[in-house]
Amino acid sequence: MRTIKIGIALTALPLVLGGCAALGFGDDSGASSAVQESGESWMRVDAGQATPSPVPPRGKAVVTAEPSVSAPAPDPSCTKIWPRTDPVFIPVEVTPGAGSLKVEWPTQYDSGYRVTAVPQALVSGAQPEPEWQTVAAGTGCSVSTTITGLTSGAAYIVWLDAPNTGYDVDGTRHLYSGRSGVVYPE
């Protein structure tokens with residue numbers, strides 16, 4: 001065992017005393033510099049040409065209207081203006097009631113809807129499945145429903161799903177979901 005320890009120490013001695021230079025790395029003298037001087041440079045630089053100046057665009061810049069986040073009202077007589085939301089969400093308004101939440105949203109592309117109130121209480125383990133309520137497509141400016149059987153004072157987030165909203169010409173989905181902030185039934 002002692003001879004093994006001595007052998008390891010003698011093998012490591014040049015590395016400890018000379019560092020990487022003992023192996024020929026990082027030493028600017030000797031064989032390594034001869035190799036560097038004898039070979040070609042690894043970097044080749046070719047002279048180039050200057051990038052041409054940009055050409056001014058043809059035509060005149062026109063300010064375009066900011067895109068609407070929610071779908072246009074199906075009826076021109078609609079007077080309710082819905083708040084802007086994240087581009088992928090249908091705006092949702094929630095009014096708390098006694099053990100219930102009244103949910104209202106703009107009509108979207110003649111789609112049917114599903115709506116649920118998801119409790120925000122912490123639950124360890126598997127989460128309970130949300131109970132979705134089906135709502136038929138609306139014909140007016142907005143659609144509303146009331147979710148009942150909720151615990152008064154408990155925190156909920158209302159989720160809205162409109163699975164049959166279809167696609168735009170470019171293939172992107174129309175707005176098909178919405179959510180509220182945290183709400184508390186009375």
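Trainee: What makes β1 and β2 a hairpin?

Mentor: In this predicted model, strand β1 (residues 93-97) and strand β2 (residues 100-106) run antiparallel and are joined by 5 bridges. There are 2 residues between them. Two strands count as paired with at least two bridges, so the 5 bridges here meet that mark. In the turn, Gly99 has a positive phi of about 65 degrees.

Trainee: Which residues face each other across this hairpin?

Mentor: Gly97 stands opposite Ser100 in β2, and Pro96 has Leu101 as its bridge partner there.

Trainee: How do you know that β2 also pairs with β5?

Mentor: The bridges tell us again: β2 and strand β5 (residues 142-147) share 6 of them, in the antiparallel sense. The cut-off is at least two, so this counts as a pairing. One of the contacts sets Trp105 against Val143 in β5.

Trainee: Why is β2 called mostly covered?

Mentor: Of its 7 residues, 6 are buried. For the whole protein chain of 186 residues, 25% count as buried.

Trainee: Why is the contact of Trp105 and Tyr113 called edge-to-face?

Mentor: Their ring centres are 5.2 Å apart and the planes make an angle of 65 degrees. A pair needs centres within 6.5 Å and edge-to-face needs planes over 60 degrees apart, so both values fit. The structure holds 1 aromatic pair, and both Trp105 and Tyr113 are buried.

Trainee: What makes Asp161 and Arg114 a salt bridge?

Mentor: Their side chains meet at 3.1 Å, N to O. The limit is within 4 Å, so the pair qualifies. A search of the whole structure finds 1 salt bridge. Asp161 belongs to strand β6 (residues 156-161) and Arg114 to strand β3 (residues 113-119), so the contact ties together parts that are 47 residues apart in sequence.

Trainee: Is Asp161 buried or exposed, and how do you know?

Mentor: Asp161 has 16% relative accessibility. Buried means under 20%, so Asp161 counts as buried.

Trainee: And why is Arg114 called partly exposed?

Mentor: Arg114 has 31% relative accessibility. Partly exposed lies between the 20% and 50% cut-offs, so Arg114 belongs in that class.

Trainee: What can you tell me about the largest pocket?

Mentor: It holds about 440 Å³ of space. There are 18 residues lining the largest pocket, and the closest to its centre are Ala117, Val118, Pro119, Pro130 and Glu131. The largest share of the lining, 5 residues, comes from β3.

Trainee: How do the lining residues divide into nonpolar, polar and charged?

Mentor: The lining of the largest pocket has 11 nonpolar, 5 polar and 2 charged residues. Take two that are close to the centre: Ala117 and Glu131. Ala is on the nonpolar list and Glu on the charged list, so Ala117 counts as nonpolar and Glu131 as charged.

Trainee: Finally, what pattern does the protein chain follow along the sequence?

Mentor: The protein chain has 2 helices and 7 strands. Read along the sequence, they follow the pattern α-α-β-β-β-β-β-β-β.

Key:
Residues are numbered from 1 along each chain as its sequence is written. This is a predicted model: local features need pLDDT of at least 70, side-chain atom pairs count only at pLDDT 80 or more; totals for chains, interfaces and linings use all residues. Side-chain values use heavy atoms; hydrogens and water are left out. Helices (H or I, at least four residues) and strands (E, at least two) are DSSP runs, numbered from the N terminus. Buried means under 20% relative accessible area, exposed over 50%, partly exposed in between (1.4 Å probe, protein chains only). On a 1 Å grid over the protein atoms alone, a cavity is a set of points where a 1.4 Å probe fits but cannot get out, and a pocket is an open set with protein on both sides within 12 Å along at least five of seven lines; lining residues have an atom within 4 Å of a point. Grid points are joined across faces, edges and corners, and a volume is the space filled by probe spheres set on the points. Rings of Phe, Tyr and Trp (its six-membered ring) pair if their centres lie within 6.5 Å; planes under 30 degrees apart count as stacked, over 60 as edge-to-face and the rest as tilted.
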